[in-house]
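Biologist: I have just opened this one and have never looked at it before. Could you walk me through it?

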Amino acid sequence: MGNMMGNLLVRSLTSKPKGKMDDVAPPSPAKTPEADGADKTEEEENPMMETVRSKCITQLLLLGAIDSIQKRYWSKLQATQQIAIMDILLSLLEFASSYNSPSNLRTRMHHIPPERPPLNLLRQELAGTTIYLEILHKSTVHNGANGSSEETNGSSVESDQQEKLRSLAEGKLVSFCGNILKEASDLQPSNGETASADIHRVLDLRAPVIMKVLNGMCIMDAQIFKKHLREFYPLITKLICCDQMDVRGALGDLFSKQLTPLMP
């Protein structure tokens, strides 16, 4: 993660301003290795896209800082601090996903060569998804009962806060996974239909995020998965026939680890 953000920042600081952001417009001419062969007609400055690009770089760095905090100090943070980090992460994800929605991707793809997809915002969404899922999984794990009826008032209050955090994290986890799966399942063609080239490429671009969510659901607390199976099941079954083989593989792992144990 650190190397990726460092490289991204170096490219940003050492290259001249480009007319449009890599993620939303055709690549600018040379100044970076990624810009080889770009059309010079796309040099005109677009302040809005420059702002989006700057936000993306800043937020990638922020994601790195949050990831470092959650890996080292998560258990030492108070519940209110953990909730604040969850909310910050969700806002970063919403920023990236608003540009990576299927409708936006389809529009942007008409201005981006097939060999050069909009990487930066997709990278931000994938990095944010990874960290967000890790935090939510930590927050929904039951650490076991270390207390008893002899608990002090202070430890009872702390336990109550942890239970509230666990309940909040569960809601966020189910909602986040459900939204990603619903978006992916809605793009799947109906029986007898074939996906258009645009839809197929959108699914290809979003496959890493979909796989990350499916992999995250594999390690989701079994009781949470079972509790919300009614919501998940129609969405995951619609992905069975998707064209992205990596997504199918992640889906197979999910069936094996979460659905098989529920069979009588």
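Biologist: What share of the 264 residues counts as buried?

Modeller: Of the 264 residues of the protein chain, 43% count as buried, where buried means under 20% relative accessible area, exposed means over 50% and partly exposed lies in between, with a 1.4 Å probe and protein chains only. Please keep in mind that this is a predicted model, in which local features need pLDDT of at least 70 and side-chain atom pairs count only at pLDDT 80 or more, while totals for chains, interfaces and linings use all residues. Residues are numbered from 1 along each chain as its sequence is written, and side-chain values use heavy atoms, with hydrogens and water left out.

Biologist: Ok, and how many helices and strands are there?

Modeller: The protein chain has 10 helices and 0 strands, and these are DSSP runs numbered from the N terminus, with helices being H or I of at least four residues and strands being E of at least two.

Biologist: What about contacts, how many of them join residues at least 24 apart?

Modeller: Among contacts between residues at least 6 apart in sequence, 80% join residues at least 24 apart, and contact here means heavy atoms within 4.5 Å.

Biologist: Let's go to the C-terminal helices. At what angle do α9 and α10 pack?

Modeller: Helix α9, residues 229–237, packs against helix α10, residues 245–259, at an angle of about 150°, and their axes are 12 Å apart. That makes α9 roughly antiparallel to α10. The axes are lines fitted to C-alpha atoms, for helices over the stretch in contact, and angles run from 0 to 180 degrees between N-to-C directions; those under 35 degrees count as roughly parallel, over 145 as roughly antiparallel, 65 to 115 as roughly perpendicular and the rest as oblique.

Biologist: Which residues make that contact?

Modeller: On α9 they are L229, Y233, I236 and T237, and on α10 they are L251, L254, F255 and L259. By class, the contact has 7 nonpolar residues, 1 polar residue and no charged ones, with Ala, Val, Leu, Ile, Met, Phe, Trp, Tyr, Cys and Pro counted as nonpolar, Asp, Glu, Lys and Arg as charged, and the others, Gly among them, as polar.

Biologist: And which residues of α9 are buried?

Modeller: F232, L235 and I236 of α9 are buried. They cover an arc of only 95° around the axis, which puts them on the same side of α9, the arc being that of the directions from the helix axis to the C-beta atoms.

Biologist: What sits in the loop between α9 and α10?

Modeller: One of the residues there is L239, which is buried with a relative accessible area of 1%. Leaving out residues up to four places away in sequence, L239 touches L181, A184, S185, Q188, I210 and L251. The C-alpha atoms of L239 and K182 are separated by 9.8 Å, although the two residues are 57 residues apart along the chain. Q244 also has its place in the loop between α9 and α10, and Q244 is buried too, with a relative accessible area of 8%. Apart from neighbours within four places in sequence, Q244 is in contact with H200, L203, D204 and A207.

Biologist: How do α7 and α10 lie, then, parallel or antiparallel?

Modeller: Their axes come within 9 Å and cross at roughly 10°, and α7 and α10 are therefore roughly parallel to each other. The α7 residues that meet α10 include A207, I210, M211 and L214, and those in α10 include D246, V247, A250 and L251. The residues of this contact divide into 10 nonpolar, 2 polar and 3 charged.

Biologist: Switching topic, is K212 buried or exposed?

Modeller: K212, found in helix α7, residues 197–218, counts as partly exposed at 29% relative accessibility. Neighbours within four places in sequence aside, K212 is in contact with L126, T129, T130 and L133. K212 and T130 are 6.9 Å apart in space, C-alpha to C-alpha, and 82 residues apart in sequence.

Biologist: Last one, where is Q82 and what does Q82 touch?

Modeller: Q82 has its place in helix α3, residues 79–99, and counts as buried at 4% relative accessibility. Not counting residues up to four places away in sequence, Q82 touches W74, L77, Q162 and L165.
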